[in-house]
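Q: Please take a close look at one part of this model, the aromatic rings. I am new to it. Add the sheet and its helices afterwards.

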Amino acid sequence: MTEPVAEIEVPFEFRHQCWFCGEPSAVNFSFPAQAQSALGVVHSPLMVPCCNECQTLAKQTSAKSIISVKRQVKQKLIYKYRKDLAIGLNWTKQELAESEFEGGNFAGFKKSAWFMYEVAQGRVNYLSWAIAIDGILQDIPDEDFVFIFDGVEYPSIDDAISHYAENFYLDIDYFKKVLHLLGESKFSQAVRFCRLLVDANTLEKKQAFTELFHQQD
């Protein structure tokens, strides 16, 4: 017999919000979805309110808990809106306001770019409310692998690495090697170091890494 799907409780202040990203909710997502296997699921079936986009993304995931679904949805949002998030990597709000983009498409970019960045950032960073059913908080395991850097919450450090490598055209394997040497706490230093070597050849990268290695002693 199929276990009934319980609808989670929605606090008044979140009554019109998507549980995944905070955008206006329009539909619901039932976990596990039909395309997902109920095998190995760590909690009872449940339903969360969400926007159309997050519902589509959630149905594409393969996860054992709604928390894992949320993490995978965030990964997909980061990838889909990587160009909007990249605005915050290359500009500050003040720099964009003071830029000389005045004509044609550039004027439109200047006007809307920071807004688009803030919308994307807000969706990725959105903190979902706690899941409760019939007044009882649900104890759902959370791997808690989030990595926060420069105002954006990434589901994992690998997502942050991929995002920065793509936007700054970094050699991702080299970036990971440098980051492993420096440590996660020096993520920004690893980014700066690798950006200096974007056009370097293999030998130059090897020499630069050797120098960096000796500087850590």
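**Aromatic rings, then the sheet**

A: Start with a cluster: ring pairs join Phe147, Phe149, Tyr164, Phe168, Phe175 and Phe187. The model is predicted, and local features need pLDDT of at least 70, side-chain atom pairs count only at pLDDT 80 or more, while totals for chains, interfaces and linings use all residues. Numbering runs from 1 along each chain as its sequence is written, and side-chain values use heavy atoms, leaving out hydrogens and water.

Across the whole structure, a search finds 12 aromatic pairs (rings of Phe, Tyr and Trp, the last by its six-membered ring, with centres within 6.5 Å; stacked if the planes are under 30 degrees apart, edge-to-face if over 60, tilted for the rest). One of them is Trp19 with Phe20: the centres are 5.3 Å apart and the planes stand at 80 degrees, so this pair is edge-to-face. Trp19 is buried at 1% relative accessibility (buried is under 20% relative accessible area, exposed over 50%, partly exposed in between, with a 1.4 Å probe and protein chains only). Phe20 is buried too, at 0%.

Now return to the cluster. Phe147 and Phe187 make a tilted pair, 5.2 Å centre to centre with 50 degrees between the planes. The two residues are 40 apart in the chain: Phe147 is in strand E6 (residues 147-149) and Phe187 in helix H8 (residues 187-195). Helices (H or I, at least four residues) and strands (E, at least two) are DSSP runs, numbered from the N terminus. Both Phe147 and Phe187 are buried.

Charges also sit over rings (NZ of Lys or CZ of Arg within 6 Å of the ring centre and within 35 degrees of the ring normal). Arg15 lies over the face of Phe12, 3.7 Å from the ring centre. Lys205 lies over the face of Tyr174, at 5.7 Å.

Next, the sheet. It is open, with 3 strands in the order E1-E3-E2 and mixed pairing (strands pair if DSSP finds at least two bridges between them). Strands E1 (6-7) and E2 (27-31) are at the edges, each pairing on one side only. E2 and strand E3 (residues 46-50) are antiparallel over 5 bridges. In E3, Met47 stands opposite Ser30.

Helix H2 (residues 66-80) packs on this sheet and touches E2 and E3 (contact is heavy atoms within 4.5 Å). Its direction makes about 125 degrees with that of E2 (axes are lines fitted to C-alpha atoms, for helices over the stretch in contact; angles run from 0 to 180 degrees between N-to-C directions).
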